[in-house]
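Biologist: Could you take me on a close look at one part of this protein? I would like to see the pieces put together in plain terms.

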Amino acid sequence: MKIGIVISVYDKLYEVQKQVEIIRSWKGEYEIGVSCDNPDLWKKLEKLDIDFLVKPRHIPILDEGFANRKTPWATKDEAKKHYSIRLRAAECVRSGCWHATEHTNCDYIIHVHADFWMLDENKV
C-alpha cells in the first residue's frame, strides 16, 4: 500500500525538513509532496527529499471593502485580518491534494500542515 502525504506550508522550512526526515525514516512506501505559495521558499524546498512540489493558485490579499462582508465564522475585525489567509490556506490544501490524486499512484492521500508532525508510522 502506497500513501501520499501532502504538506502545506508558507514559511516553515524547518518544520517541513523535520517532517520529511521523520517520514523517510519509516518502513512503508510514501510519496511526499509539498504545497507552498511562498516563492522565496521554493528553491529551499526543491533541495529536500520530496517527490513533488505544488504551487497553488495565488489568492491576493483582498481589499478592505470585500473583507468587511459579514461572515458567519468571524467578527468584522477578524474578517479584515484573516479572510484572505483562510482562502489561501484552503487553496494550498486543495491544490496539493488534487495534484497527489491526479499525478501519483497512491492508494491513500493524507494532508498535514507543516507544523503538525506525524511522529508514529503505526498511527498513520
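Modeller: Happily; here is a walk through the segment after strand 4, followed by helix 1. This is a predicted model, where local features need pLDDT of at least 70, side-chain atom pairs count only at pLDDT 80 or more, and totals for chains, interfaces and linings use all residues. Residues are numbered from 1 along each chain as its sequence is written, and side-chain values use heavy atoms, with hydrogens and water left out.

Trp117 sits in the segment after strand 4 (108-113); strands (E, at least two residues) and helices (H or I, at least four) are DSSP runs, numbered from the N terminus. Because its relative accessibility is 32%, Trp117 counts as partly exposed, a class between buried (under 20% relative accessible area) and exposed (over 50%), with a 1.4 Å probe and protein chains only.

Val124 lies in the segment after strand 4 too, and its relative accessible area of 37% makes Val124 partly exposed. Beyond neighbours within four places in sequence, Val124 touches Ile3, Trp26, Ile110 and Met118, contact meaning heavy atoms within 4.5 Å. One of these partners, Ile110, is 14 residues from Val124 in sequence, with 9.0 Å between their C-alpha atoms.

Now to helix 1, which covers residues 13-24. Its buried residues are Leu13, Val16, Gln19, Val20, Ile22 and Ile23. The buried residues of helix 1 pack against strand 1 (2-9), strand 2 (29-36) and helix 2 (39-46).

How values were computed: The expected span of a helix is 1.5 Å times one less than its number of residues.
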